Amino acid sequence: MLIDSHTHFGDWDSVKPLEEMYDAMMTEMDANGVDRFVIAVTGGYAGQYGGFRMADALWFKRRQPERVFVLGGLDWSGIVGGETAPVYPFPEQLDLLRAAGCDGLKLLNGKPDNRKVLGHALDSE
């Protein structure tokens, strides 16, 4: 059986030790027959999102590389409000995410609220 869905675990990482959160999540995954799951680190700009931090997501992946997949997020600092260039060029960020062990990329710049803050259309350079 294959079920594709997603959930938000909230800000567990800010209230529970990482090891406790890991044990709880793995127990839930096993109890519900979940073979693999993705942790999406949203990136964004300073102060935008809470949730998983990159180091925590990669810690999960290193403990269960066959079960945990990580989507990294880009740092949009430098292009917020229509500024023209990210502080760290996106190609370099992608290289760093891949080198760190990310399996893919989580993009939120298609959401209307993010496009408004960024000041760039989806098809902009």
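## Salt bridges

A salt bridge is a side-chain nitrogen of Lys or Arg within 4 Å of a carboxyl oxygen of Asp or Glu. In this predicted model, a search of the whole structure finds two of them. Side chains of opposite charge can pair when their charged atoms come close.

One salt bridge joins the side chains of D103 and K61, with 2.9 Å from N to O. The partners are 42 residues apart and link distant parts of the chain, since D103 lies in the loop between α4 (90-100) and β3 whereas K61 belongs to helix α3. D103 counts as partly exposed because its relative accessibility is 41%, while K61 is buried, with a relative accessible area of 13%.

The other salt bridge is formed by the side chains of D30 and R67, at 2.8 Å from N to O. Here too distant parts of the chain are linked, with D30 in helix α2 (residues 18-31) and R67, 37 residues away, in the loop between α3 (54-63) and β2 (68-73). R67 has a relative accessibility of 12% and therefore counts as buried.

## Overall fold

The protein has five helices and three strands, which follow the order α-α-β-α-β-α-β-α from the N terminus on. Of its 125 residues, 30% count as buried.

## Pocket and surface patch

The second largest pocket has a volume of about 320 Å³, and among its 16 lining residues I79, F90, N109, H120 and S124 are the closest to its centre. Its lining comprises ten nonpolar, four polar and two charged residues.

On the surface, L94, L105 and L107 make a nonpolar patch of about 220 Å². L107 lies in the loop between β3 (104-106) and α5 (112-118), and its relative accessibility of 45% means that L107 counts as partly exposed.

Note on methods: Residues numbered from 1 in each chain as written. Predicted model: local features only at pLDDT ≥ 70, side-chain atom pairs only at ≥ 80, totals over all residues. Heavy atoms only, no water. Patch = residues over 30% accessible without salt bridge, like charges linked within 9 Å, V, L, I, M, F, W, Y side chains within 5 Å. Areas by Shrake-Rupley, 256 points an atom, 1.4 Å probe, with all protein chains shown as cover. Helix = DSSP H or I, 4+ residues; strand = E, 2+ residues; numbered from the N terminus. Buried < 20%, exposed > 50% of the residue type's maximum accessible area, 1.4 Å probe, protein only. 1 Å grid on protein atoms, 1.4 Å probe; cavity = no way out; pocket = protein on both sides within 12 Å on 5 of 7 lines; lining within 4 Å. Points joined across faces, edges and corners; volume = space filled by probe spheres on them. Nonpolar A, V, L, I, M, F, W, Y, C, P; charged D, E, K, R; others polar.
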